[in-house]
Every structure is written in structure tokens, then in C-alpha cells.
Amino acid sequence: MGVEGIGARVLRKEDRRFITGRGRYTDDMVVPGMKYAAFVRSPHAHATIKGIDTSAARAMKGVIDILDGEQLTGDGIGNLICGWAVTSKDGTGMKMGAWPALAVGTVRHVGQAVAVVVAETKAQARDAAEAVEIDYEVLDAVVDAAKALESGAPQLHPEAPGNLVFDWEIGDAKATAEAFACAAHVTKLDIVNNRLVPNAMEPRAALGHYDAADDHYTCWTTSQNPHVARLVMSAFYNVAPEHKLRVIAPDVGGGFGSKIYIYPEEIVCLWASKRTGVPVKWTSDRSEAFLTDAHGRDHQTHAEIAIDADHKIIGMKVDTIANLGAYMSLFSSATPTYLYATLLSGQYDIPAIYANVKAVYTNTVPVDAYRGAGRPEATFVVERIVETAARELGLSPVEFRRKNFITSFPHQTPVIMNYDTGDFGATLDAGLKAADYAGFEARRAEAKGRGKLRGIGMSCYIEACGIAPSKAVGSLGAGVGLWESAEVRVNPVGTIEILTGSHSHGQGHETTFAQLIAERFGLPIDNVQVIHGDTDKVQFGMGTYGSRSGAVGMSAISKALDKVEAKAKKIAAHLLEASDEDIVIENGEVKVAGTDRKLAWHEVALGAYTGHNLPDGMEPGLKEGAFYDPQNFTFPAGTYICEVEVDPETGTTEIIQFVAADDFGRVINPMIVEGQVHGGVAQGIGQALLEGVHYDDTGQLVTASYNDYAMPRAWDLPMFQVLTTETPCTTNPLGIKGCGEAGAIGSPPAVINAITDAIGNNALSMPATPEKVWRAIHAA
């Protein structure tokens with residue numbers, strides 16, 4: 001490890017502009033002649049549109065045009081799609097209802113866009129939007145996924161009878177039934193994974209600009225994957241030909257999955273720009289974000305595990321109803337299926353697993369991937385039922401887990417995944433030591449003396465990251481490959497530009513990617529520029545989600561660096577009259593090993609571009625690209641331990657300590673990794689204690705602002721102890737597993753296990769508000 005290379009705690013390069021207010025976000029973009037959009041949104045969860053009267057709004061000052069869904073579809077703009085095909089267990093395809101970017105005929109959730117006003121100023125657009133009169137015929141609504149499957153429930157889409165999107169299964173039902181038939185003990189648990197709003201710091205925004213002179217479109221947008229946005233808007237939504245559409249995602253203030261998708265607003269801004277002849281910008285306010293950003297989670301699950309006389313888990317069966325909301329978002333089908341049920345083995349050697357997932361339409365905001373995307377839901381099921389089983393059997397939760405750990409790798413689970421490597425006992429032991437688990441009972445007794453209830457809980461999670469390889473996900477229904485691209489450009493003076501298909505929205509790519517260069521060539525990271533987020537500058541790439549930027553994105557960079565290094569060595573060998581095999585690159589110099597003959601890195605770079613003295617047949621220049629398609633998913637894993645103190649008089653829970661022991665494989669920058677874990681754990685604690693979307697029976701979002709939707713504050717969180725063990729991934733060149741989602745995956749069950757341990761009542765759902773906890777205490 002060098003001072004700035006792999007493993008160094010380097011301060012983030014990009015933070016200088018962020019903390020000084022010099023970040024450049026979509027809402028900061030200004031185009032000459034730019035106007036503003038405001039959307040007219042449905043106040044009803046389910047209604048038919050009888051008529052739209054825009055006459056009063058059109059007469060208002062500053063209004064340029066008012067457009068609706070009939071005009072949009074009349075111009076050939078296509079419906080939004082789901083990009084991952086899932087097949088029901090009877091062989092039929094998923095039932096995808098029509099989702100136009102502006103509603104036509106029917107609205108299916110509160111906040112759905114019906115029309116758009118384009119005006120000179122934002123205020124004028126909003127005022128005019130309020131003046132648009134829409135005649136609705138209100139229909140019955142359904143918001144609970146289980147109730148949506150009942151006979152007589154309101155029907156959302158003619159394409160999906162009974163509101164059923166798909167009825168999917170995975171695993172061996174017969175083998176699982178046989179395991180349960182011979183079980184010595186069966187543990188059963190009903191679990192609700194509460195719906196969440198992503199709440200990225202930066203609200204979504206879009207700026208569409210049609211240049212009639214060049215017949216060219218540009219879209220600035222808050223996207224985690226601009227190339228995919230460009231592809232989908234051109235190939236499926238017919239907004240613009242791909243070669244005439246540029247998508248730019250500048251600085252993006254957080255995403256957590258909610259900015260993966262293509263939403264109606266960016267489609268409409270581009271289309272409206274051509275219709276009106278002016279650039280059109282829209283920026284969401286926080287109220288719109290609650291009503292339109294894809295929500296996360298929302299599972300209702302019944303789970304059972306079969307245990308033999310030796311306390312080994314021999315079978316597991318899971319039935320889940322997944323709420324997809326009113327429409328299928330871009331990756332919504334994958335979240336409760338291949339990103340969820342394939343992780344139900346957890347860290348445990350379970351020979352037989354069977355899962356059934358029913359995905360359902362309701363009159364709510366569409367649901368899609370949110371930090372962890374299926375893996376938090378799976379981990380919550382596994383770790384809650386394993387904890388429950390240990391309690392029912394009177395066993396130590398630690399030793400019951402340890403007894404059932406997978407200890408031999410590679411390990412093929414019954415639900416597709418093949419874990420390449422891991423050491424679950426190592427993270428468990430590290431977590432136990434850091435938490436002083438052995439001393440807990442003394443602390444419990446001390447708390448009891450003060451009238452408090454103290455509890456401790458753990459979660460041994462595993463996740464699948466990288467979301468690859470392309471051939472595998474293609475066979476499972478993915479509409480795109482999940483490789484990544486990179487290009488490394490060495491300039492004539494020796495500085496380096498990395499062009500990556502990954503996208504940074506808080507992960508620190510500009511620092512960690514540069515650390516690869518420091519490690520490989522010994523160059524200062526200030527000599528490295530990372531370029532991303534612009535489809536005109538960077539070759540096609542797949543973006544950032546699923547903790548894939550390190551394992552997949554950096555592996556692509558590593559492959560490109562291999563090619564750059566090989567060519568640089570050939571040039572240096574020629575100039576130094578040595579063999580390629582004798583050339584080494586270190587500390588910014590290119591040397592002949594074992595001698596004092598050397599060239600500075602910039603001298604080799606300049607030689608590549610002057611072309612005066614290159615090996616015969618070599619092309620000038622020093623620039624290489626690569627595509628990297630992984631051999632397998634990566635599998636970060638760890639143990640999280642939470643210790644709480646509950647006030648029995650009020651139900652208030654205080655987290656006394658929280659330990660996160662993770663195995664992320666090879667760590668590039670420990671400081672950034674710790675920050676990622678801190679953020680993820682904060683979100684997980686938020687889900688466990690505070691956050692929860694609530695609709696009333698008419699489909700109105702009751703928790704539609706921060707007055708009603710509780711976000712975690714600093715005083716809700718303890719000081720985290722974050723530590724890592726290391727078993728390098730065996731299937732990518734850097735040994736990286738990924739770290740971005742782990743905190744949100746492992747923390748919720750650890751918190752709930754701790755609270756239920758404290759209060760002696762296992763029947764507790766998230767969020768564990770003081771009222772819920774108080775009622776659980778008095779029901780115990």
C-alpha cells in the first residue's frame with residue numbers, strides 16, 4: 001500500500017467542492033431561454049378522467065403551454081416499462097399494466113401526473129397548474145397488497161385480473177416438504193417489512209432541451225445510470241433517437257436506488273421542449289418526492305424453518321406478498337424475486353428451501369429497489385426467524401447461528417446463489433468481542449436496577465452484489481447486461497483521465513478510482529481525473545447500484561490499466577534498450593529492474609504521443625478501454641450487534657451500542673467504507689425505529705411530509721463501532737465485494753431482535769415506535 005494507494009485512508013477529493021457549495025446539480029443547470037414545468041397531479045388514488053379544462057390556466061400570465069396525456073401518446077411517446085421479465089410458476093408472463101408518462105383515461109395513485117404546465121417562471125407554472133380543472137369520477141381504491149388479492153377488490157389494470165402481477169416460485173417444494181415432515185421442531189413467523197420513502201438529500205430534477213437546428217436532444221437529470229436512461233428513452237419510449245439524445249447526470253445528491261429508474265418527468269420535459277420550442281426544467285419539491293419517488297420494501301411474509309434434533313436447520317419455506325404499487329417500475333419485478341428469495345439461505349447451510357412470491361398492484365406509489373433492494377427483506381426474514389427459533393429452543397442465539405453456518409466454500413445454496421468464499425465465524429467473533437457480548441448479562445442486571453429493560457440482538461447478514469454476470473441475469477429475465485466499461489487515457493504530460501460507466505452519487509469514486517492509479521503507477525491522485533455521467537463523453541456503461549462500482553466498475557478500470565501498463569512497459573523497454581519483462585513501474589517512474597536505468601512516467605507518456613521512437617508497428621498514444629463482465633455475484637457478509645435500553649413507562653428505545661463487523665473483501669479506502677456503513681446503518685435504524693409509509697383506506701398518503709414521516713436524527717443514533725475482516729472475493733481481479741448497502745441490510749433485524757429480547761415479547765413490527773413497544777411490553 002502506498003500513501004494514496006489501495007488501503008489508504010485518503011480524504012475524498014470531491015468533498016472540496018461539495019462542502020464549499022460548488023457542487024453542480026441538475027437544478028443548477030441553466031440553458032438560454034429556459035422555462036419551467038409544473039405538473040398537475042391527481043388528488044385521488046383511483047379515478048377516471050372525465051375531462052380537462054385548461055382555459056383559465058392558459059389565460060394566466062407567463063403560461064407558454066399546457067400539455068396532457070392524449071397529446072403525449074398522440075405524439076408516439078411510449079409507456080414506461082419494467083425491464084426485468086419474471087415468469088409465474090404456471091409459465092405465464094408478468095402482467096404489466098400500461099403506464100403513460102401523463103395519465104390517459106385513469107389515474108391509479110395520488111400524485112400521478114395528469115398534465116404539465118410550461119411557463120416563464122416556476123411560480124407562474126405552479127400557479128397555473130393549480131388553475132387547471134380536471135373532472136374526475138372517483139373509484140374505489142385498495143392500498144394493502146393482501147386485500148388487493150381478495151375477491152371483489154378494486155381492479156387496477158385490465159391486463160392483471162385480480163391485481164396479480166405474477167405468482168413466482170423458487171426452490172424445491174418437494175424436498176422442502178420432506179424436510180418439514182421429519183423436523184423435530186418447526187418455527188413459524190409472520191413478518192411485515194414496512195414501506196419506506198427513499199428521501200435522497202437532492203430531490204429529483206430534469207432539464208430537457210431540444211435543439212431544432214441540430215435536431216438534437218439533451219437531458220440533464222438526477223440519474224444513477226445515464227446510459228440506461230438514454231437507451232430506454234430512445235428504444236422504448238420513443239422520445240428521441242439514441243444517437244440524437246445526450247443524457248447528463250452531473251453531481252447527484254444521493255440516490256439509494258430511487259434514481260435508477262426513468263420517471264415520467266424527464267420524459268415529459270424532453271417531449272415538452274420539442275412541443276414548445278423552449279428548454280424545460282422541472283425540480284421536485286419534497287412533497288412531490290413523497291408522492292412520486294419509487295418507494296421501497298412493503299412485504300407481507302409468512303416464514304417457517306424446520307430444525308432437526310441436533311438443532312440443525314434442515315428446511316425453510318417462505319410465502320411473500322410484495323406490493324408493487326400502481327405500476328411496474330423499471331426493476332420492480334426483480335426486487336422481490338431474484339434479489340430477495342435467492343438470499344433466503346443467509347449464512348446458513350440449509351439443504352432445502354422453497355419460496356413463493358406474489359406481486360400485487362395497489363393504488364399506491366410504485367415500489368422498486370431501495371438501498372439493499374430485496375436483500376434487506378430477505379435478511380429480516382432469515383435473522384428474525386433464526387433468532388426466534390433459538391429462543392423457542394432455549395439455545396444461545398450465538399451458538400445456534402454458529403452451528404448452522406456455512407463453513408466450506410464454494411457453497412451452492414438451494415436458491416441459485418453460489419457463494420465463492422467467506423468466513424462467517426470470523427465476523428461473528430469480531431462482533432462479539434467488540435460488543436463485549438460476554439459481559440451483557442451484568443449490564444442487563446445493572447439496567448434492571450434502574451428500572452430499565454436492556455436487550456441485545458444480532459444479525460448475521462449476507463448479500464449479493466455486482467448484479468452479474470450478464471449471461472446469468474439475462475437467463476433470469478434481465479433486459480440488459482450488467483457488465484461495466486472503462487477507458488484510461490494517459491495524457492502527453494503523464495496525467496490520467498478515467499472515464500467510467502459507473503456513476504457517483506456519494507460513493508467517493510473520484511477518490512477511490514484514483515487510488516487504483518496511485519497503487520498501480522505510484523502517481524499522486526491529484527494527477528487523476530475521473531469522468532462520468534455524460535453519455536457524450538463516456539462510452540456505454542451500466543451505472544451504479546447494487547454495490548457494483550468497486551467489484552464491477554473498478555474491475556473494468558483494472559483491466560484497462562493492464563493494457564496501459566503493458567504498452568507503457570513496451571515503450572520504456574524500447575527506449576531503455578531492455579526486455580519488457582524487466583520493466584517495473586513504481587513511484588511514478590518506469591525502471592529496468594535491478595539497475596539505475598529509468599524514465600519518469602511523464603517521459604514515457606510524452607514518448608507515446610510524439611511517436612519519434614516507438615517500437616516497430618506500434619501505434620502512437622497511450623489510451624486503452626475495457627469491458628468487464630463478472631464471473632459471479634460478490635457476497636459481502638457480516639455480523640451486526642445492537643444493544644438497547646427500553647423505558648417500560650414510555651416504550652422509548654435507546655440504542656446503547658451498535659457494532660458492525662463486515663467482510664467486504666479487499667478494502668480500497670477504509671474511511672470511505674466506514675462512511676458507507678455509517679449511512680447504511682442509520683437508514684436501517686430509521687426503518688427499524690422510525691420510518692414507515694402509511695396510506696388511509698381511500699389511498700391518501702398520510703405520511704406525506706416530514707411532519708408525519710419520521711427520519712432518523714443524530715440523537716437517535718449511537719456512536720457506531722465499525723470493523724472489518726477480510727476474505728477477498730475470488731471472482732474479480734481486485735478481490736472487492738462491495739460495501740454500499742450492507743448497513744441497511746444487517747441493521748433492522750439486529751435492532752428488532754434487541755428490543756424483543758429486552759421486552760420479552762417477540763411480536764413487534766417495524767417501525768418499533770414508543771407506542772408499539774409500550775403496547776408490546778404490556779401485552780407480554
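The secondary structure of the protein, a predicted model, amounts to 20 helices and 28 strands. Helices here are DSSP runs of H or I with at least four residues, strands are runs of E with at least two, and both are numbered from the N terminus. Residue numbers start from 1 along each chain as its sequence is written. Because the model is predicted, local features need pLDDT of at least 70 and side-chain atom pairs count only at pLDDT 80 or more, whereas totals for chains, interfaces and linings use all residues; side-chain values use heavy atoms, with hydrogens and water left out.

The overall dimensions come next. Taken along the principal axes, the C-alpha atoms fill a box of roughly 85 × 75 × 55 Å. The radius of gyration is 27 Å, which agrees with the value near 28 Å for a compact globule of 780 residues; the radius is taken over C-alpha atoms, and the globule rule is 2.2 Å times the number of residues to the power 0.38. Of the 780 residues, 62% count as buried, a term that stands for under 20% relative accessible area, with exposed meaning over 50% and partly exposed in between (1.4 Å probe, protein chains only). Among contacts (heavy atoms within 4.5 Å) between residues at least 6 apart in sequence, 80% join residues at least 24 apart.

Helix α19 (residues 742-759) offers a good place to look at helix packing, beginning with its partner α18 (residues 670-689). Their axes come within 7 Å and cross at roughly 45 degrees, which makes α18 oblique to α19. For these descriptions, axes are lines fitted to C-alpha atoms, for helices over the stretch in contact, and angles run from 0 to 180 degrees between N-to-C directions. Angles under 35 degrees count as roughly parallel, over 145 as roughly antiparallel, 65 to 115 as roughly perpendicular, and the rest as oblique. The crossing of α18 and α19 is right-handed, meaning that the near helix is turned clockwise from the far one by less than a right angle, while an anticlockwise turn would be left-handed. On the α18 side, the contact is made by Val677, Gly680, Val681, Gly684, Ile685, Gln687, Ala688 and Leu689; α19 contributes Gly743, Ala744, Ser747, Pro748, Val751, Ile752 and Ile755. By class, these residues comprise 10 nonpolar, five polar and no charged. In this scheme Ala, Val, Leu, Ile, Met, Phe, Trp, Tyr, Cys and Pro are nonpolar, Asp, Glu, Lys and Arg are charged, and the others, Gly among them, are polar.

Helix α10 (residues 375-393) also packs on α19, at an angle of about 30 degrees and with the axes 8 Å apart. That angle makes α10 roughly parallel to α19, and the crossing is right-handed. Residues Arg375, Pro376, Thr379, Phe380, Glu383, Arg384, Glu387 and Arg391 of α10 meet Ala744, Ile745, Pro748, Pro749, Ile752, Asn753, Thr756 and Asp757 of α19. This contact has seven nonpolar, three polar and six charged residues.

Another helix pair is α15 (residues 509-521) with α16 (residues 549-576), whose axes come within 11 Å and cross at roughly 35 degrees. The crossing of α15 and α16 is right-handed. Eight nonpolar, four polar and three charged residues make up the contact.

Turning to single residues, Leu432 belongs to helix α12 (residues 424-434) and is buried, at a relative accessible area of 13%. Leaving aside residues up to four places away in sequence, Leu432 touches Val398, Arg402, Tyr437, Met458 and Ile641. Leu432 and Thr610 lie 178 residues apart in sequence and 60 Å apart in space, C-alpha to C-alpha.

Some backbone details are also worth a look. Most residues other than glycine have a negative phi, and most peptide bonds are trans. Phe409 and Pro410, however, are joined by a cis peptide bond with omega about 0 degrees, and Pro410 sits in the loop between α11 (397-404) and β16 (411-412). A cis bond also joins Met766 and Pro767, with omega about -10 degrees; Pro767 is in the loop between α19 and α20 (770-779).

Positive phi values occur at Asn199, near 60 degrees, and at Asp436, near 50 degrees. Asn199 lies in the loop between β8 (185-193) and β9 (205-211) and is buried, with 10% relative accessible area. Asp436, in the loop between α12 and α13 (440-449), counts as partly exposed at 41% relative accessibility.
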